[in-house]
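Trainee: I am new to this structure and would like to discuss its charged side chains. Could we look at it together?
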Amino acid sequence: MRLALDQARLAARGGDVPVGAVVLAADGTTVLATGHNEREAGGDPTAHAEVLAVRRAAEAIGEWRLTGCTLVVTLEPCTMCAGAITQSRVDRVVYGARDDKAGAVGSLWDVVRDRRLNHRPEVVEGVLAEECSGLLTEFFRDR
């Protein structure tokens, strides 16, 4: 999560909402890819930290299935990102701050654990939650 927080800080420096993500290989320690929000930087509404990290991880391993991988992200993923997580077959999602307004991994919706879908990753929430939410609070307060 500390590496994801570093990525979130990069997003903030670029004027984006400070969300960072890391994809770990099946061994749980090897970093396959990182990402941070780049919507403002690139003018791309899909440039969320999770989507970018998942894309880069798939490129790194040369396949779209991220079976065995863990996605670590500072903010609970939205519906778009939850869909990308499900489609990429990530096995575990670890997130910091809850997103009661747009969260799709347990708060507002629970897309990744919907029994109608063929893939449901494990979810671990609240890791360094105060630090993750504090970064977001500070960003929006300064705006």
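Mentor: Let us begin with a term: a salt bridge is a side-chain nitrogen of Lys or Arg within 4 Å of a carboxyl oxygen of Asp or Glu. This is a predicted model, in which local features need pLDDT of at least 70 and side-chain atom pairs count only at pLDDT 80 or more, while totals for chains, interfaces and linings use all residues. Residues are numbered from 1 along each chain as its sequence is written, and side-chain values use heavy atoms, with hydrogens and water left out.

Trainee: How many salt bridges are there by this rule?

Mentor: The count is 10 salt bridges.

Trainee: Which residue does R56 pair with?

Mentor: R56 pairs with E38, and their closest N and O atoms are 3.2 Å apart. R56 belongs to helix α3 (residues 49–61) and E38 to the loop between β2 (31–36) and α2 (39–42), so the salt bridge ties together parts 18 residues apart in sequence. Helices (H or I, at least four residues) and strands (E, at least two) are DSSP runs, numbered from the N terminus.

Trainee: Is R56 buried or exposed?

Mentor: R56 is partly exposed, at 34% relative accessibility. Buried means under 20% relative accessible area, exposed over 50%, and partly exposed in between (1.4 Å probe, protein chains only). E38 is also partly exposed, at 24%.

Trainee: Changing topic, what does R116 meet in a salt bridge?

Mentor: R116 meets D114, at 2.5 Å from N to O. R116 is exposed, with a relative accessible area of 75%.

Trainee: And which residues are linked in a network?

Mentor: Salt bridges link R2, D6, R9 and E131 in a network.
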